[in-house]
Amino acid sequence: MERKNNRTFILIFLGMLTAFGPFVTDMYLPTLPSMADYFSTSASMVQLGLTASMIGLALGQLVFGPLSDRYGRKKPLVTAMVLFLVATIGCIRCTDISQFIILRLVQGMAGAGGIVIARSVASDMYTGRELAMMLAVIGAINGVAPVTAPVIGPLSCSASVSGSMHLP
């Protein structure tokens, strides 16, 4: 029974790690028009934040994959999650679109750490059918995150009447 609970916890944890990047990429899509008003910029500049996070997701995998192979899984994962948290708080607090775009790049890179390290942890812990099942479930969670993020985003992001924006 304990092995099954442990396996379920690991599956949920790894699934959540892989969902960070795609979830954060798509969460703010419904708020793009409000963000353009908030930053007093064009919609294309706000969309550049989306592009930056996708570039960050690609670059982050190239960075965190080798780091986790060299230094183990824990330190790079903790680094990625702390960096993700700092970048997210920075995105919430920034008042300039340029800062926002840079922080979105960092946020994407950090989110990629969760994706690549979660798959590495699964490969370290499981083989054969168990590994295939774990990667399939992780992939399914990774596929659901971009679909649910735009729905959840408006629930956690609200623009007030005064035009100020409160991001998650």
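The following is a short dialogue about how the labels on this predicted model are justified.

Visitor: What is the fold made of, in order?
Guide: The protein chain has 6 helices and 2 strands. From the N terminus on, they run α-α-α-α-α-α-β-β.

Visitor: How many residues are there, and what share counts as buried?
Guide: The chain has 168 residues, and 40% of them count as buried. Its accessible surface is about 9100 Å², with 68% belonging to carbon and sulfur atoms.

Visitor: What is the confidence of the prediction?
Guide: The chain averages a pLDDT of 83, and 84% of the residues score at least 70. Over residues 158-168, however, the pLDDT is below 50. That stretch still has 24 contacts in the model beyond near neighbours in sequence. Where pLDDT is low, the predicted coordinates should not be read in detail.

Visitor: Cysteine 91 and cysteine 94: why is this pair not called a disulfide?
Guide: A disulfide needs two cysteine sulfur atoms within 2.5 Å. The sulfur of cysteine 91 has its closest cysteine sulfur in cysteine 94, at 5.7 Å, so the pair is too far apart for a bond. A search of the whole structure finds 0 disulfides.

Visitor: Are these two cysteines buried or exposed?
Guide: Buried means under 20% relative accessible area. Cysteine 91 has 6%, so cysteine 91 is buried. Cysteine 94 has 4%, so cysteine 94 is buried too.

Visitor: What makes aspartate 69 and arginine 73 a salt bridge?
Guide: The cut-off is 4 Å between a side-chain nitrogen of Lys or Arg and a carboxyl oxygen of Asp or Glu. Here the N to O distance is 3.0 Å. The pair therefore qualifies as a salt bridge.

Visitor: Which other residue does arginine 73 form a salt bridge with?
Guide: Aspartate 124, with the closest N and O atoms 2.7 Å apart. This pair links distant parts of the chain, 51 residues apart. Arginine 73 is in the loop between H3 and helix H4 (74-93), while aspartate 124 is in helix H5 (residues 97-125). The structure holds 2 salt bridges.

Visitor: What makes Asp69, Arg73 and Asp124 one network?
Guide: Their salt bridges share partners, and that joins the three residues. Arginine 73 takes part in the bridge with aspartate 69 and in the bridge with aspartate 124.

Visitor: How do the accessibility labels of these three residues follow from their values?
Guide: Exposed means over 50%, buried means under 20%, and partly exposed lies in between. Aspartate 69 has 58%, so aspartate 69 is exposed. Arginine 73, at 21%, counts as partly exposed. Aspartate 124, at 49%, also counts as partly exposed.

Visitor: What makes Ile55, Leu59 and Leu62 a patch?
Guide: A nonpolar patch joins side chains within 5 Å, from residues with over 30% relative accessible area and no salt bridge. Isoleucine 55 has 43%, so isoleucine 55 passes the area cut-off and is called partly exposed. Isoleucine 55 lies in helix H3 (residues 43-71). The three residues form a patch on the surface with about 290 Å² of accessible area together.

Visitor: What is notable about the phi of serine 40?
Guide: Phi is near 50°, a positive value in a residue other than glycine. Most residues other than glycine have a negative phi. Serine 40 sits in the loop between helix H2 (32-39) and H3. At 67% relative accessibility, over the 50% cut-off, serine 40 counts as exposed.

Visitor: Why is proline 76 called buried but leucine 67 partly exposed?
Guide: Proline 76 has a relative accessible area of 6%, so proline 76 is buried. Leucine 67 has 31%, so leucine 67 is partly exposed. Proline 76 is found in helix H4, and leucine 67 in helix H3.

Visitor: What does proline 76 contact, neighbours within four places aside?
Guide: Phe64, Leu67, Ser68, Tyr71 and Ile117. Leucine 67, by the same kind of count, is in contact with Gly72 and Pro76.

Visitor: What share of the chain's contacts with a separation of 6 or more joins residues 24 or more positions apart?
Guide: Such pairs account for 75% of those contacts.

Methods
Residues are numbered from 1 along each chain as its sequence is written. This is a predicted model: local features need pLDDT of at least 70, side-chain atom pairs count only at pLDDT 80 or more; totals for chains, interfaces and linings use all residues. Side-chain values use heavy atoms; hydrogens and water are left out. Patches are made of residues with over 30% relative accessible area and no salt bridge: like charges are joined within 9 Å, nonpolar side chains (Val, Leu, Ile, Met, Phe, Trp, Tyr) within 5 Å. Accessible areas come from the Shrake-Rupley method with a 1.4 Å probe; for residues, only the protein chains shown count as cover. Helices (H or I, at least four residues) and strands (E, at least two) are DSSP runs, numbered from the N terminus. Buried means under 20% relative accessible area, exposed over 50%, partly exposed in between (1.4 Å probe, protein chains only). pLDDT is the predictor's confidence in each residue, from 0 to 100. Contact means heavy atoms within 4.5 Å.
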